[in-house]
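Visitor: Please take me through this structure slowly, and let each answer show how it was reached.

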Amino acid sequence: MKAGKICFKCKQRAPNYCNKQDKVCKPCFMDSVVHRFKSSLRTNLKIWKDDLNLICVSGGSASMALLDLMHNALFGDEESAAEGVVKVSQRKLFFRVHVLHVDEGRAVYGWSEEFHRQQIEMIKRLCEEKYKFTYTIVPIEAVFDILPASLDVRMPSPQEKEKLLQERKMDEVNHAT
Ligand SMILES: [Zn+2]
């Protein structure tokens, strides 16, 4: 392939996007987005290991993209290693994420029961199966008068808790100077 017809980063794949003069392929573009996201978590938000971050999601594309980036920042290296992709090791971030969804679909937007159910299921499924984040779903009606029974909380399992504890120990060992 001629220069200009290949990605300027990996110099292998055909480019998908163009940023000024630079043509970049999709995997390299996503790598740079995740990299910038991770460094801004550290430098701008000062998120450090063990910090518990509450991520509020509406279920729309912007907040779900944020959730995906959070997951990628935490587990992206592991997943690419599992897929056999060897990447330059990036310093791991060991913060924790809890997802909050204030359910306003019925009361505010007047969604149908069916559409509302699908939205809630989508958020639950992503948190439980894809991201493995704990979550809380609160109906907006309960926000002003919260009753414990109205909270739907999924806490980490004993195995997940043990894994988190081990990872934190390893992180301390790795970052001891
Ligand atoms: Zn590339």
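Visitor: Does Lys-11 count as buried or exposed?
Guide: A residue is buried if 20 or more other C-beta atoms (placed from the backbone) lie within 10 Å of its own, exposed if 12 or fewer, and partly exposed in between. Because Lys-11 has 11 C-beta neighbours inside 10 Å, it counts as exposed.

Visitor: What kind of model is this?
Guide: Residues are numbered from 1 along each chain as its sequence is written. Local features need pLDDT of at least 70 and side-chain atom pairs count only at pLDDT 80 or more, while totals for chains, interfaces and linings use all residues, and the model is a predicted one.

Visitor: In what order do the elements run from the N terminus on?
Guide: Helices (H or I, at least four residues) and strands (E, at least two) are DSSP runs, numbered from the N terminus. The secondary structure of the protein comes to five helices and six strands. From the N terminus on, these elements follow the order β-β-α-β-α-β-α-β-α-β-α.

Visitor: How much of the protein counts as buried?
Guide: The protein has 177 residues, and the share of them that counts as buried is 14%.
Strand β3 fits into this picture as an element that is hardly covered, since the count of buried residues among its five residues is zero. For the protein as a whole, then, the buried share is 14%.

Visitor: Which residues of β4 point to the buried face?
Guide: In a regular strand the side chains alternate between the two faces of the sheet. Strand β4 covers residues 96-103, and its Arg-96, His-98, Leu-100 and Val-102 point to one face and are not buried. The residues that point to the other face, and are buried, are Val-97, Val-99, His-101 and Asp-103.

Visitor: Which residue of β5 stands opposite Leu-100?
Guide: Two strands pair if DSSP finds at least two bridges between them. On one side, β4 pairs with β3 (residues 52-56) in the parallel sense over five bridges, where Asn-53 has Val-97 as its bridge partner and Cys-56 stands opposite Leu-100. With β5 (residues 134-139), β4 runs parallel and is joined by six bridges, among them one between Asp-103 and Pro-139. Opposite Leu-100 in β5 stands Thr-136.

Visitor: What handedness does the unit of β4, α3 and β5 have?
Guide: A crossover is right-handed if, with the strands pointing away from the viewer, the path from the first strand over the helix to the second runs clockwise. Taken together, β4, α3 and β5 make a β-α-β unit that is right-handed.

Visitor: How far apart are the end C-alpha atoms of α3?
Guide: The expected span of a helix is 1.5 Å times one less than its number of residues. Helix α3 (residues 113-131) has 19 residues, so it should span 27 Å, and this agrees with the distance in the model. The helix also bends by about 25 degrees at Arg-125 (the angle between axes fitted to the seven residues ending there and the seven starting there). Its end C-alpha atoms are apart by 26 Å.

Visitor: Which element gives the largest share of the largest nonpolar core?
Guide: A nonpolar core is a set of buried Ala, Val, Leu, Ile, Met, Phe, Trp, Tyr and Cys residues joined through C-beta atoms within 7 Å. The largest one has 13 residues, of which Leu-67, Val-99, Cys-127, Tyr-131, Phe-133 and Tyr-135 touch the most other members. Two or more residues come from each of α2 (61-82), β4, α3 and β5. The largest share, four residues, comes from α3.

Visitor: Which residues is Cys-127 in contact with, leaving aside its neighbours within four places in sequence?
Guide: Two residues are in contact if their C-beta atoms lie within 7 Å. Cys-127 is one of the buried residues of α3, which also include Ile-123, Leu-126 and Tyr-131. Its contacts, with those neighbours in sequence left aside, are Val-99, Phe-133 and Tyr-135.

Visitor: What phi does Lys-132 have?
Guide: Most residues other than glycine have a negative phi. Lys-132 is found in the loop between α3 and β5, and it counts as partly exposed because 16 other C-beta atoms lie within 10 Å. Although Lys-132 is not a glycine, its phi is positive, about 55 degrees.
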